[in-house]
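Hi there,

Here is the structure I promised to pass on. Have a look at it first, and then read on for what turned up.

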Amino acid sequence: MKTIPLNDTSRLSQIIISEAMDDISNIIKSGRWLLGDYTTQFANYFASYIGSEFCIPVANGTDALVIALQCLSKSGRNQVITVANAGGYTSTACYLSGHTPVYIDVHEDSMLMDISLIDDLLNENTSCVVATHLYGRTEKWTPMVGHIN
C-alpha cells in the first residue's frame, strides 16, 4: 500500500528555498538583517498592497501594540480593557506604553472576551479595548463597537 504523506510541506519548501536563496544570501552578506534595503522594499510593497501611503515595519506584534497604544493615548486615559488568558502581549505593551491593563472575563465555551461585560469596565480612564482572536475564533466586532460608542 502506498502511503500518502499528511501535511508534507517539503515539496513547497524546496520551491520557496530555491526562489528565495539569492535574496537570503544577499541579506546575510549585507549585514543588515533589519532595517536594510529589503525591509524598505517590503514596507513599500506592503503599503501599496493595502492601499496605504505608509507602512512602518516592526520587530513583532508587541512592538506594534506599543506603538498603537502610544498613538491612542489621551491625557488621563491610561486603561486598556483586554483578556488575561491571551493578554500577555497586550499587558507587556501596556506596561511599556504607560497604560494599565484592565482584565475582562471570557466566555467559558470560546475563551473569547465576554463583550456583554464591557459596559461594567468602561470609564473615563479607558483608552481602548484590545480584543484577541484565539484558537481560530474571532471576536465579533460589531457588537463591541456598539458597546464602546
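Which residues are buried in helix 4? They are Thr90, Ser91, Ala93, Cys94 and Ser97, where buried means under 20% relative accessible area, exposed over 50% and partly exposed in between (1.4 Å probe, protein chains only). Helices (H or I, at least four residues) and strands (E, at least two) are DSSP runs, numbered from the N terminus.

Before going further, a word on the source: this is a predicted model, in which local features need pLDDT of at least 70 and side-chain atom pairs count only at pLDDT 80 or more, while totals for chains, interfaces and linings use all residues. Residues are numbered from 1 along each chain as its sequence is written, and side-chain values use heavy atoms, with hydrogens and water left out.

Back to helix 4. Viewed down the axis, its buried residues fall within an arc of 160°, so they line one face of the helix; the arc is that of the directions from the helix axis to the C-beta atoms. Tyr89 and Tyr95, on the other side of helix 4, are exposed. The cover over the buried residues includes helix 3, strand 1 and strand 2, with contact meaning heavy atoms within 4.5 Å. Just after helix 4, Gly98 has a positive phi of about 80°.

Helix 3 (residues 61-72) has twelve residues, which at 1.5 Å a residue should span 16 Å, and its end C-alpha atoms are indeed 16 Å apart. The expected span here is 1.5 Å times one less than the number of residues. Thr62, Val66 and Leu69 are the buried residues of helix 3. They cover an arc of only 70° around the axis, which puts them on the same side of helix 3. Strand 1 (79-83), helix 4 (88-97) and strand 3 (126-129) are among the elements that cover them. At the N-terminal end, Asn60 caps helix 3, with a side-chain oxygen 3.1 Å from the backbone nitrogen of Thr62.

Now for the interior. The largest nonpolar core has 13 residues, and those with the most contacts inside it are Ile81, Val83, Ile104, Met113 and Ile118. Strand 1 and strand 2 (100-104) each supply at least two residues of this core. There is also a second, separate core of seven residues, including Val66, Leu69, Ala93 and Cys128. A nonpolar core is a set of buried Ala, Val, Leu, Ile, Met, Phe, Trp, Tyr and Cys residues joined through side-chain atoms within 4.5 Å.

Ser127 sits in strand 3 and is buried, with a relative accessible area of 14%. Leaving aside its neighbours within four places in sequence, Ser127 is in contact with Leu72, Ser73, Arg77, Gln79 and His99.

Finally, how many aromatic pairs does a search of the whole structure find? It finds two. Rings of Phe, Tyr and Trp (its six-membered ring) pair if their centres lie within 6.5 Å; planes under 30 degrees apart count as stacked, over 60 as edge-to-face and the rest as tilted. Phe42 and Phe46 have ring centres 5.7 Å apart and planes at 20°, so this pair is stacked. They are four residues apart in helix 2 (residues 37-50), and so separated by about one helical turn. Phe42 is partly exposed at 45% relative accessibility, and Phe46 is partly exposed at 31%. The rings of Tyr45 and Tyr49 are stacked too, with centres 6.3 Å apart and planes at 20°. Both Tyr45 and Tyr49 are exposed.

Best wishes

Methods. Polar contact = N/O pair within 3.5 Å; in protein donor to acceptor, adjacent residues only side chain to side chain.
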